[in-house]
Amino acid sequence: MIASISLGQVFSTFSRRPRAPRERKRLTHDFKTRTLMLCSERHPISSAFGSPSPFWSEIHTKLRYLLARPQLSDLHSNSHFEDIEVFLRSCTDENFLDFIEYIFQTQEAPPPFDPRPEIGHVLPSEINKFFDLCVLPYYVTDYDWESNRARGETSSRLVARPQIITRDSEVIHEMATEPSRNLLRAPRWKTANEEFSKALQHYRKNEWEDCVAMCASSLESVMKIVCKEKGWEKKPDSLQAAQLLKVVVTKSNLDPYYVKLLELPHVIRNTRSNVHGRGNLPTTLPQHVAQFVVNMTSSTILLIVEEANL
């Protein structure tokens, strides 16, 4: 069973990601009960022939490796589901949130634009509904699909699975990160989209320097495409980020002071990441700086593209 499990996924869940210390409302009994009911309905405990459910077996294995326990609960259990259920009734909130992320790692991703995606799947929107009903400070992001068109056919690739974020991150996610991701899915932004997707992947892996570097690359690609499509510069590919930004600000309706404001992702990239070599400077870049750069990049991309009317 373990051969099919990615240990990298096992240890990249909610409880293992660094967060600023903060007192939050506890998960309620109603929330936990609804979540377990939904999961058992969408993923039956055993098949019609009585064989154990691969879904619950895999989650059981993931939790055991995460917690370094041969068994999750102290009570005798007749199945993986029973062991999981007993454990989840009394585990920490962080471990219950780990369980939720494992749901989306274990079940197959529902195809994008599926007219009935709820069949055989637990959806992020359903867990978010439970969070809302209990007024809990958490939110599940959606599946992140990347569309590619080649030879007249469109295909989709799963870029990232759902993760739990705190509500204080949700506003930025809804207002900047998700809109910029939707915008970049258009074919003209293919390179920029790939770079920003890599930035988010690095962020999820706690690779802050690489995250910042790819954010800056994505923003630079967006500015080059804007300059080409608007005819603002004959050879934008030959310009560096600072030069591109001056062209974009000068040619659009943005005031000159925006140059200093919008160059921050590249300034941080050049001074705090490993992209240009850092000599004797310290090599650590904190998470909150990487988070700032992700949010700043998302907002800047939206601003530049809307100002260019593309």
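**Close-up 1. Nine aromatic residues in one cluster.** In this predicted model, a single aromatic cluster takes in Phe14, Phe31, Phe55, Trp56, Phe81, Phe96, Phe99, Phe131 and Tyr138. Zoom in on Phe131 and Tyr138 and you'll find a tilted pair, with ring centres 5.9 Å apart and planes at 45°. Phe131 is buried at 0% relative accessibility, and Tyr138 is buried too, at 5%.

**Close-up 2. An edge-to-face pair, Phe104 with Tyr143.** Counting over the structure gives 10 aromatic pairs. In this one, Phe104 and Tyr143 sit edge-to-face, 6.2 Å from centre to centre, with 85° between their planes. Phe104 belongs to helix α5 (residues 93–106), while Tyr143 is in the loop between β1 (138–140) and β2 (144–150), so the pair ties together parts 39 residues apart in sequence. Neither ring is out in the open: Phe104 is buried, with a relative accessible area of 1%, and Tyr143 counts as buried at 8%. Also look for Leu123, which is in the loop between α5 and α6 and is buried at 13% relative accessibility. Leu123 is 20 residues from Tyr143 in sequence, and their C-alpha atoms are 9.3 Å apart in space.

**Close-up 3. Helix α6 and its link to α2.** Helix α6 covers residues 124–133, and its buried residues include Pro124, Ile127, Asn128 and Phe130. Glu126 and Phe131 are buried in this helix as well. Just after α6 comes Val135, which has a positive phi, near 50°. Now follow Glu126 to its partner: it makes a salt bridge with Arg42, and the closest N and O atoms are 2.9 Å apart. This pair links distant parts of the chain, since Arg42 is in helix α2 (residues 29–42) and Glu126 is in α6, 84 residues apart. Glu126 counts as buried, with 17% relative accessibility, whereas Arg42 is partly exposed at 22%.

**Close-up 4. A salt-bridge network around Glu220.** Searching the whole structure turns up 10 salt bridges. Here Glu220, Lys224 and Arg269 are linked in a network. Lys224 meets Glu220 with the closest N and O atoms 3.9 Å apart. These two are 4 residues apart in helix α9 (residues 208–230), so about one helical turn separates them. Glu220 also forms a salt bridge with Arg269, at 4.0 Å from N to O. That second link joins distant parts of the chain: Glu220 in α9 and Arg269 in helix α12 (residues 264–272), 49 residues apart. Glu220 is buried at 16% relative accessible area, Lys224 is buried at 19%, and Arg269 is buried as well.

**Close-up 5. Cysteines without a disulfide.** A disulfide is a covalent bond between the sulfur atoms of two cysteines. How many disulfides does a search of the whole structure find? The count is 0. Take Cys211: the nearest cysteine sulfur belongs to Cys215 and is 4.3 Å away. With a cut-off of 2.5 Å, that doesn't make a disulfide. Cys211 is buried, with a relative accessible area of 0%, and for Cys39 the value is also 0%, so that residue counts as buried.

**Close-up 6. A nonpolar patch on the surface.** Leu264, Val267 and Phe292 make up this patch, and together they have about 220 Å² of accessible area. Phe292 is part of helix α13 (residues 287–308). Is Phe292 buried or partly exposed? At 40% relative accessibility, Phe292 counts as partly exposed.

How values were computed
Residues numbered from 1 in each chain as written. Predicted model: local features only at pLDDT ≥ 70, side-chain atom pairs only at ≥ 80, totals over all residues. Heavy atoms only, no water. Buried < 20%, exposed > 50% of the residue type's maximum accessible area, 1.4 Å probe, protein only. Patch = residues over 30% accessible without salt bridge, like charges linked within 9 Å, V, L, I, M, F, W, Y side chains within 5 Å. Areas by Shrake-Rupley, 256 points an atom, 1.4 Å probe, with all protein chains shown as cover. Salt bridge = Lys/Arg side-chain N within 4 Å of Asp/Glu carboxyl O. Phe/Tyr/Trp six-rings, centres within 6.5 Å; stacked < 30°, edge-to-face > 60°.
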